[in-house]
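Please open the structure in your viewer and keep the selection panel at hand. This tour moves from stop to stop, saying at each one what to select and what can be found there.

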Amino acid sequence: MSRHNFGQGVADFIVAPADGIWMVAPDVQVTFWSAQVDGTQYTDLLDATGNSINYVTSDAYGALPRFSGPDEVFGMWADAGGGRRAWLYAHSGGKGAPGDPGAHWYFGTSNPADAGLSPVAGDIYVTTDTGDLYAYDGTTWILRTNIRGPQGATGGVATVNGQTGAVSLTAADIGAFAASGGTYPSPLRLDGPASTYRILGIQSSGTDRWQIQVDGITESGAQAGSNFRLNARRDDGTDGGIALWASRATQQVATGTTSPLGTAGLTSQAGIATKDTATDPAAASGGIQLYSKGGRAYVREAAGPIVPIATPGTWLPQDYGLAGWAYDLHAGSRTPGDAPGQAQRLYLIGVPLRAPKTVSQIAIHVMGYDKPNSTTTNFRFGIYDAAFALKAQSNGDQRLQLPEVHSVGGQMAKLTLSAPVSLAAGMYYVALLVKTSAVTATPYLAATNWGTSTTTSGAVAVSTSGVHRWLQSTSTALTALPASGTLTAASFTEATTCYWAAIV
């Protein structure tokens with residue numbers, strides 16, 4: 001076992017940028033590693049005097065001093081703290097003495113003795129016109145053998161594909177594809193053993209971009225196996241995933257997946273979109289036509305009627321300029337509303353967001369607000385996701401955003417968050433936190449207080465996504481919206497007052 005020396009070479013300097021110019025970096029600690037990224041640090045180092053060290057410091061001129069690495073380590077990755085490591089070789093032991101010349105093969109048409117060569121013992125010389133092979137024994141060229149074989153019979157092509165004489169063949173003459181272009185008779189077949197992938201690739205400059213495939217699923221009878229695939233390829237030619245799949249047995253088609261849903265003729269792993277059309281399609285017997293016009297979904301029935309997908313007469317959040325709401329603003333909503341019955345209790349209102357959106361406002365419906373005489377002293381709001389992570393909020397008291405309301409039926413109030421937030425489609429909670437100095441506070445639109453009567457609709461169970469319609473915190477001493485990670489389902493009970501809220 002032996003150590004090898006490193007450092008103090010002509011290129012062994014540490015540099016760092018200064019005012020846009022790369023300068024040598026003095027007094028920098030340099031550590032050494034087994035890999036360019038991560039790896040194990042080498043700490044068994046020796047300085048020039050033999051003292052044990054685990055790092056090296058550059059001198060006043062930025063140069064690495066001479067040091068010894070671990071046993072039998074010929075190179076290491078140096079890390080000066082700049083985010084990238086550099087490879088450092090050990091110093092070699094110097095240049096050795098030249099070895100003996102090796103044997104050579106020479107070719108020519110003259111006698112090797114007349115070729116003006118400087119041969120060494122073991123060299124070979126072949127005369128290309130006669131095939132004689134000579135070997136040099138250190139003093140003389142000696143004829144050893146002749147490597148030319150007997151003269152063969154005169155060749156020729158009698159006929160190829162009906163052509164005789166000087167035949168010039170095309171790809172079609174021998175049933176081959178042309179290197180480029182060409183027309184081929186139908187049917188064009190790609191054959192291969194069952195239970196193997198059969199692939200036709202489409203390339204860009206020699207790298208696959210698409211592959212038309214038949215898969216290797218076993219042909220076990222009843223048309224099973226050998227299903228159709230269209231696969232995308234990445235920039236480096238590796239598999240980019242399934243784009244289109246079709247079953248040979250059922251003729252079901254799927255996009256983005258090889259698992260059709262039930263007996264559906266078409267399955268998509270992602271959403272299926274239909275772009276707006278300016279005119280309704282003509283009626284056609286034998287089925288329905290699904291289409292979009294003006295951003296709304298419609299069905300044209302075989303008999304001719306055009307039916308909107310939404311129930312006729314149904315109001316949607318978009319009709320009010322909202323992205324999602326807790327429930328429909330309708331005449332059955334409770335009036336004159338209800339005020340948060342417990343000051344400093346956090347109320348959460350579940351709101352489904354059906355499409356991604358950058359949100360800067362939420363909305364509530366204020367049934368009445370007398371600003372000069374209100375006992376409300378603090379009002380905060382925000383948005384939590386289904387896991388109670390705080391996505392956005394108002395910073396500080398937001399009473400000034402509440403409108404003065406004295407009209408019958410109240411007024412929708414759109415309240416601005418402190419900063420916009422990009423939300424993915426999903427289930428969210430609009431959060432309200434009110435502090436008041438008296439029982440009479442600002443009333444908000446609310447559905448029936450379900451706990452007061454057996455004849456009114458009650459709160460519903462948790463949704464399939466784990467979100468409740470209404471929740472209220474068990475704590476009644478909150479002064480600000482709790483941060484992410486501080487709330488759990490155990491922090492709440494199901495609310496008995498069903499407030500209305502929306503995401504704008």
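What follows is a walk through a predicted model, taken one region at a time.

**Stop one: a small sheet**

Begin by selecting β1, β9, β6 and β7, which in that order make up an open sheet of four strands with antiparallel pairing. As general background, the strands of a sheet pair through backbone hydrogen bonds, and they may do so in a parallel or an antiparallel way. Which strands lie at the edges of this sheet? They are β1, covering residues 3–6, and β7, covering residues 52–53, and each of them pairs on one side only. Now narrow the selection to β6 (residues 45–47) and β7, which run antiparallel and are joined by two bridges. If you display L45, you can look for its bridge partner in β7, which is I53.

**Stop two: two loops with positive phi**

Most residues other than glycine have a negative phi. With that in mind, select D38, which is not a glycine and yet has a positive phi, near 60°. D38 sits in the loop between β4 (29–33) and β5 (41–42). Is this residue buried or exposed? D38 counts as exposed because its relative accessibility is 61%, and the cut-off for that word is over 50%.

Then move along the chain to S195, another residue that is not a glycine but has a positive phi, here about 65°. S195 lies in the loop between β15 (141–146) and β16 (198–204), and with a relative accessible area of 38% it is partly exposed.

**Stop three: the second largest pocket**

Next, show the second largest pocket, which holds about 430 Å³ of space. Its lining is made by 20 residues, and those closest to the centre of the pocket are I14, V15, A80, R84 and A86. The elements that give two or more residues to this lining are β2 (15–18), β10 (75–79) and β11 (85–89), and β11 gives the most, with four residues. If you colour the lining by residue class, you should find 15 nonpolar residues, one polar residue and four charged residues.

**Stop four: two hairpins that share a strand**

Select strand β18 (residues 228–233) together with strand β19 (residues 239–246), and follow their antiparallel pairing over six bridges. L230 is a good place to pause, as its bridge partner in β19 is L244. These strands form a hairpin with five residues between them, and in the turn G237 has a positive phi of about 90°.

Keep β19 selected and add strand β20 (residues 253–255), with which β19 pairs in the antiparallel sense over two bridges. Here A246 has V253 in β20 as its bridge partner. This second hairpin has six residues between the strands, and Q251 takes a positive phi near 60°.

**Stop five: a mostly covered strand**

Finally, select strand β32 (residues 426–436), where eight of the 11 residues are buried, so that the strand is mostly covered. Which residue of β32 does Y347 stand opposite? It is L432, and this contact point can be viewed alongside strand β27 (residues 346–353), which pairs with β32 in the antiparallel sense over eight bridges. Strand β29 (residues 376–385) also pairs with β32 in the antiparallel sense, over nine bridges, and R380 stands opposite L433 in β32.

Key. Residues are numbered from 1 along each chain as its sequence is written. This is a predicted model: local features need pLDDT of at least 70, side-chain atom pairs count only at pLDDT 80 or more; totals for chains, interfaces and linings use all residues. Side-chain values use heavy atoms; hydrogens and water are left out. On a 1 Å grid over the protein atoms alone, a cavity is a set of points where a 1.4 Å probe fits but cannot get out, and a pocket is an open set with protein on both sides within 12 Å along at least five of seven lines; lining residues have an atom within 4 Å of a point. Grid points are joined across faces, edges and corners, and a volume is the space filled by probe spheres set on the points. Ala, Val, Leu, Ile, Met, Phe, Trp, Tyr, Cys and Pro count as nonpolar, Asp, Glu, Lys and Arg as charged, and the others, Gly among them, as polar. Two strands pair if DSSP finds at least two bridges between them. Buried means under 20% relative accessible area, exposed over 50%, partly exposed in between (1.4 Å probe, protein chains only).
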